[in-house]
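Me: Hey, I'm new to this one. Can you walk me through it?

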Amino acid sequence: MEKMGTAESELDELFGQKKRVKNPLVPMGALMTAGVLTAGLVSFRQGNSNLGQKLMRARVVAQGATVALMVGTAYYYGDNFTRKNT
């Protein structure tokens, strides 16, 4: 039987010593996107299409902000990582 926690050791083997960066804003953005999506779907189900449409637009904005945070973080830390190694 396999021990628990082997996935993390396999990830370490795959990526070696490269430091993984964690951004706490990305999971919060994902949760906010999921919350707005759920509220919009409930609103549509209850027949309030105007509110549902506004919530779907808000979901797109939240999702775009989350993706922008991911790209910005990757660019920032990727740029700093290459500068330190040269």
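Reply: Sure, here is a quick tour, starting with where the model comes from.

Me: Ok, what kind of model is this, and what pLDDT do features need?
Reply: This is a predicted model, where local features need pLDDT of at least 70, side-chain atom pairs count only at pLDDT 80 or more, and totals for chains, interfaces and linings use all residues. Residues are numbered from 1 along each chain as its sequence is written, and side-chain values use heavy atoms, with hydrogens and water left out.

Me: What's the average pLDDT of the protein?
Reply: The average is 80, and 66% of the residues score at least 70. pLDDT is the predictor's confidence in each residue, from 0 to 100.

Me: Which elements have the lowest and highest mean pLDDT?
Reply: Helix 1 (residues 6–15) is lowest with a mean of 63, and helix 2 (residues 25–45) is highest with 93. Where pLDDT is low, the predicted coordinates should not be read in detail.

Me: How many helices and strands are there?
Reply: The protein has 3 helices and 0 strands, so from the N terminus the order reads α-α-α. Both kinds of element are DSSP runs numbered from the N terminus: helices are H or I with at least four residues, strands are E with at least two.

Me: What does UniProt say about residues 25–44 and 56–77?
Reply: The unreviewed UniProt entry places a "transmembrane region" feature at each of those spans. UniProt positions are given in the numbering used here, feature names are shortened, and annotations may be inferred rather than shown by experiment.

Me: And what do those spans look like in the model?
Reply: Residues 25–44 are 100% helix and 0% strand, with the end C-alpha atoms 28 Å apart. Residues 56–77 are also 100% helix and 0% strand, and there the end C-alpha atoms lie 32 Å apart.

Me: Switching topic, which residues make the nonpolar surface patch?
Reply: L25, M28 and L69 make it, and the patch covers about 260 Å². Patch residues have over 30% relative accessible area and no salt bridge; like charges are joined within 9 Å, nonpolar side chains (Val, Leu, Ile, Met, Phe, Trp, Tyr) within 5 Å. A salt bridge is a side-chain nitrogen of Lys or Arg within 4 Å of a carboxyl oxygen of Asp or Glu.

Me: Why does L25 count as partly exposed?
Reply: Because its relative accessibility is 42%. Buried means under 20% relative accessible area, exposed over 50%, and partly exposed in between (1.4 Å probe, protein chains only).

Me: And M28, is that buried or exposed?
Reply: M28 is exposed, with a relative accessible area of 53%. M28 sits in helix 2, and its C-alpha atom is 8.5 Å from that of T66, 38 residues apart along the chain.

Me: What about A65, where's that?
Reply: A65 is in helix 3 (residues 49–85). The C-alpha atoms of A65 and G29 are separated by 7.4 Å, although the two are 36 residues apart along the chain.

Me: Is S43 buried or exposed, then?
Reply: S43 is buried, at 4% relative accessible area. Leaving aside neighbours within four places in sequence, S43 is in contact (heavy atoms within 4.5 Å) with N48, L51, G52 and L55.

Me: Last one: which residues does L37 contact?
Reply: Beyond its neighbours within four places in sequence, L37 is in contact with M56 and R59. L37 is found in helix 2.

Technical notes
Areas by Shrake-Rupley, 256 points an atom, 1.4 Å probe, with all protein chains shown as cover.
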